[in-house]
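Work through the exercises below with the model in view. Try each task before reading its solution.

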Amino acid sequence: MSASHIPADIPVIGLILAGGMGSRMGGVDKGLVELDGKAMVAHVIKRLGPQCGRLMINANRNTDTYAGYGVPVIGDRLEGYAGPLAGLDAGLHALVEEDAWVVTCPCDSPFVPVDLVSRLRTAAEHANADIAMVRAGGFNQPVFLLARTKVAASLADFLASGDRKIDRWVFKQAHVVVDFDDCVEAFANINTPEELASHQKT
């Protein structure tokens, strides 16, 4: 299909996913863990912010601390730390009155590519897709995706069914998978104290 079906002026809102429990990091809030002297969420804001019209953070604790970064903070609509899809659900429903793209990035992925949005959006528009998802190193990276707000109701229904697997929902939508094999390391996330130590430069 032609990309002309998708208006070129649809804004892109970045959604940083910081709503998890951080269980593999000892239960700490990973977005606020410091890497090279700055909270990991600050690294993500620096790299993702210039790619988007504006940012939001999905967080279920330490919301005042996150709000201190000058970014609106929204909590899950579902209880019980339901995972990254619950974060996307919160973001999409916060923007449901707008026709917009929402791009997601976990708070513990401080090396996110600076061309993430442009590559996902170009692919989505070319395929006339509602969702573009990253694939890198032979694996889907479903926590890095671009989604139209029009899929909000579909996601809410999927979560209501009890399913939490992101790519299972994505594959039910009009989607495109975008290869980032040239920068696999950019999608590294820091889940454990050992991984944090291995990435510290200072």
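The exercises go from the sheet to a helix, a cavity and a loop.

This is a predicted model: local features need pLDDT of at least 70, side-chain atom pairs count only at pLDDT 80 or more, and totals for chains, interfaces and linings use all residues. Residues are numbered from 1 along each chain as its sequence is written, and side-chain values use heavy atoms, with hydrogens and water left out.

**Exercise 1. The sheet**

Task: Find the order of the strands in the open sheet of seven strands.

Solution. Helices (H or I, at least four residues) and strands (E, at least two) are DSSP runs, numbered from the N terminus. Two strands pair if DSSP finds at least two bridges between them.

Step 1. Start with β5 (residues 73–74) and β4, which pair in the parallel sense over two bridges. In β5, Val73 is the bridge partner of Ile57.

Step 2. Move to β1 (residues 12–18), which pairs with β4 in the parallel sense over six bridges. Here Ile16 stands opposite Ile57 of β4.

Step 3. Take β6 (residues 101–106) and β8. They run antiparallel, joined by three bridges. Trp101 faces Arg148 in β8.

Step 4. Finish with β7 (residues 131–136) and β9, a parallel pair with five bridges. Ile131 stands opposite His175 in β9.

Step 5. Write the order: β5-β4-β1-β6-β8-β7-β9, with mixed pairing. β5 and β9 stand at the edges with a single partner strand each, so one side of each has no neighbour in the sheet.

**Exercise 2. Two strands and their surroundings**

Task: Decide how many of the six residues of β4 are buried, and which residues of β9 are on its covered face.

Solution. Buried means under 20% relative accessible area, exposed over 50%, and partly exposed in between (1.4 Å probe, protein chains only).

Step 1. In β4 (residues 54–59), five of the six residues are buried, so the strand is largely enclosed by the rest of the structure.

Step 2. In β9 (residues 175–179), Val176 and Val178 form the covered face. His175, Val177 and Asp179 form the uncovered one.

**Exercise 3. A helix with two sides**

Task: Find which residues of α5 are buried.

Step 1. In α5 (residues 152–160), the buried residues are Ala152, Leu155, Ala156, Phe158 and Leu159. They lie on the same side of α5, because they cover an arc of only 160 degrees around the axis. The arc is that of the directions from the helix axis to the C-beta atoms.

Step 2. Look at the face turned away from the buried side. It carries the exposed residues Asp157 and Ala160.

Step 3. Find the cover. It includes α3 and α6 (166–170), where contact means heavy atoms within 4.5 Å.

Step 4. Go past the helix. Gly162 follows α5, and its phi is positive, near 100 degrees.

**Exercise 4. The cavity**

Task: Name the residues that line the largest cavity.

Step 1. A cavity is a set of points on a 1 Å grid over the protein atoms alone where a 1.4 Å probe fits but cannot get out; lining residues have an atom within 4 Å of a point.

Step 2. The lining is Leu17, Pro84, Leu85, Leu88, Thr104, Pro142, Val143, Leu145 and Ile166. α3 (84–94) and β8 (139–148) each supply at least two of these residues.

**Exercise 5. A loop residue**

Task: Is Glu79 buried or exposed?

Step 1. Glu79 lies in the loop between β5 and α3.

Step 2. Glu79 is exposed, with a relative accessible area of 77%.

Step 3. Glu79 and Asn60 are 19 residues apart in sequence and 9.6 Å apart in space, C-alpha to C-alpha.

Notes
On a 1 Å grid over the protein atoms alone, a cavity is a set of points where a 1.4 Å probe fits but cannot get out, and a pocket is an open set with protein on both sides within 12 Å along at least five of seven lines; lining residues have an atom within 4 Å of a point.
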